[in-house]
Amino acid sequence: MHDQMVRRCRPILGTFVEIAVPEAAAASIDPAFARIEHIHARMSFHSEDSDLAALRRARPDSSVHVDSATIGVLRLAKDLYHQTDGVFDAAVGRQLVEWGFLPQPAGYRDKEWIGGMPDVEILDEAHVSISRATLLDLGGIAKGYAVDCAVETLLEAGAPSGIVNAGGDLRVFGEWEEIVHLREADETLGASLAIRNAALASSSNLHNRRQHRTHATSPHVLGEAPVLAGDAVTVIAERCVIADAMTKVAIACPTTAGRVLATLNAELIDRRALGATH
Amino acid sequence: MAQFSYRIIPLAALALAVPAQATVYLTVEQAQNQMFPRQSLTPQFRTLTAEQVAAIRKASGESPLSRDLRAWRAADGGWFIVDEVVGKHEFITYAVSLDSSGAIRDVEILDYREAYGGQVRDPRWRQQFVGKRAGQSLKLGGEIRNVSGATLSCKHITDGVRRVLATYAVALAHA
């Protein structure tokens, strides 16, 4: 079955995005890549042309025009913020800049970034307003969202099955089984899974630490403090955006993740249990 | 929507499922057809001079891996350039297409292979393959394909593309 498929790969979203579909549906790949590139352009923290940059520059309570995809991601980020009692938080840009995980955007020193997710209000399908300066980073959710959108585009273009893999955050659809190897926090390879009709995302920070003043930090934030996790986590879900976002919750607060995952049609992969079968 | 499903793969089965080679996405010719459909491309291979290499390094902060520049001119004035980068573990060939003004149109990965077996560090895991597919198994850890965890960074490609743009400005723009 894998013989008649086309696989392509582009550098987008800060990683390698791979798309594979049956050869007959090869023409669906270009629009799927275009969709991911669009989402990357709208939600990039680094670019001054993105919707995030427009939201950073906006005056308090002004209505800011953003892409419908940005609305989709912000809506989900707000929902998850509430469902996880704030554990999933996209308003962590200030910490990530201070700790050196993100670059200082233009005008960073001109504002006090005191706002949080509750300050972000979605006005309609094209407008957002923010009541207090909030530095949003959608790095924990946009990649999964882009994978889902790419799958949607592939399906619309007639691909009956396939896989979209954005640097390990991936989704398999149709009558297709894909074998996925899980990388542990220490970068060794752990268990392997065969997945079907599912999205999978993993997260760890053991090898992504930075020293800030006297203490170690990571790109995972809980209550303004860094989360230093020894193990990697993997979440399987129907949608990649859920898998992607919930790995961050599982890293920061396993109890909260356990409570919320089932309601989101998602599951934490127990790596220890998998390892024991080897 | 159908419920997702997954099952654990026994390692014996896995050894057979492991792809035998590093991942090849597109050949140079396939990438040319992809990026410049139905256009003739004329090879414009150059050997960069020491002065050009120095200018590229100054403009991009990156030194070319090779002085051989693999560039093709498209009928519409665009350019197709094949380049390589070496990361910590990986060795990547990629293609960049530029429009006639020298702006980037697309970047596609042609192939991706591991420079050495660095990423599969667990000796127990490696041991499973000894005598079965020795050597090939070491490629697995570095592949983009189907490894979930510690996200692979494409920073080397970003740096490489910046160098390709500097190369274009130095060696091709006034061709």
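Here are legends for a set of close-up views of a predicted model.

**View 1. Helices α1 and α3 of chain A cross at roughly 70 degrees.**
This one zooms in on α1 (residues 29-43) and α3 (residues 68-83), whose axes come within 9 Å. Since 65 to 115 degrees counts as roughly perpendicular, that is the label for α1(A) and α3(A). On the α1(A) side, look for Ile39(A), Arg42(A) and Met43(A). Facing them from α3(A) are Ala69(A), Thr70(A) and Val73(A). Sorted by class, the contact between α1(A) and α3(A) has 4 nonpolar residues, 1 polar and 1 charged.

**View 2. Val73(A), a buried residue of helix α3.**
Stay with α3 of chain A, where Val73(A) sits, and move in on this one side chain. Val73(A) has a relative accessible area of 0%, so it counts as buried. What does Val73(A) touch, leaving aside its neighbours within four places in sequence? The contacts are Met43(A), Leu138(A), Ile141(A) and Tyr145(A). Met43(A) already turned up in the previous view, as part of the α1(A) side of the helix contact. For a sense of scale, the C-alpha atoms of Val73(A) and Phe173(A) are 21 Å apart, with the two positions 100 residues apart along the chain.

**View 3. Helices α6 and α7 of chain A pack at about 140 degrees.**
Here α6 (residues 240-252) meets α7 (residues 254-261), and the two axes are 5 Å apart. Roughly antiparallel would take an angle over 145 degrees, so α6(A) is oblique to α7(A) instead. From α6(A), the contact uses Met246(A), Val249(A), Ala250(A) and Ala252(A). From α7(A) come Pro254(A), Thr256(A), Ala257(A), Val260(A) and Leu261(A). The class count for α6(A) with α7(A) is 8 nonpolar and 1 polar, with no charged residues.

**View 4. An aromatic cluster in chain B: Phe45(B), Trp72(B) and Phe80(B).**
Over all chains, the whole structure has 4 aromatic pairs, and this view shows two of them, Phe45(B) with Trp72(B) and Trp72(B) with Phe80(B). How are the rings of Phe45(B) and Trp72(B) arranged? Their centres are 4.9 Å apart and their planes meet at 85 degrees, so this is an edge-to-face pair. It ties together distant parts of the chain: Phe45(B) is in the loop between β3 (41-43) and β4 (46-47), Trp72(B) is in strand β5 (residues 68-74), and they are 27 residues apart. Trp72(B) also pairs edge-to-face with Phe80(B), at 5.5 Å centre to centre and 70 degrees between the planes. As for cover, Phe45(B) is partly exposed at 48% relative accessible area, while Trp72(B) is buried at 10%. Phe80(B) is buried too.

**View 5. Asp111(B), a buried residue in strand β8.**
The last stop is β8 (residues 104-114) of chain B, home to Asp111(B). Is Asp111(B) buried or exposed? Its relative accessible area is 17%, and the cut-off for buried is under 20%, so Asp111(B) falls on the buried side. Beyond residues up to four places away in sequence, Asp111(B) touches Thr23(B), Val24(B) and Tyr25(B), along with Phe91(B), Ile92(B) and Thr93(B). For context, chain B has 6 helices and 9 strands, and 46% of its 175 residues are buried. Among contacts in chain B with a separation of 6 or more, 63% link residues 24 or more positions apart. The accessible surface of chain B is about 8600 Å², with 52% of that belonging to carbon and sulfur atoms.

Technical notes. Residues numbered from 1 in each chain as written. Chains lettered and ligands numbered in written order. Predicted model: local features only at pLDDT ≥ 70, side-chain atom pairs only at ≥ 80, totals over all residues. Heavy atoms only, no water. Axes fitted to C-alpha atoms, helices over the stretch in contact; angles between N-to-C directions. Helix = DSSP H or I, 4+ residues; strand = E, 2+ residues; numbered from the N terminus. Parallel < 35°, antiparallel > 145°, perpendicular 65-115°, else oblique. Contact = heavy atoms within 4.5 Å. Nonpolar A, V, L, I, M, F, W, Y, C, P; charged D, E, K, R; others polar. Buried < 20%, exposed > 50% of the residue type's maximum accessible area, 1.4 Å probe, protein only. Areas by Shrake-Rupley, 256 points an atom, 1.4 Å probe, with all protein chains shown as cover. Phe/Tyr/Trp six-rings, centres within 6.5 Å; stacked < 30°, edge-to-face > 60°.
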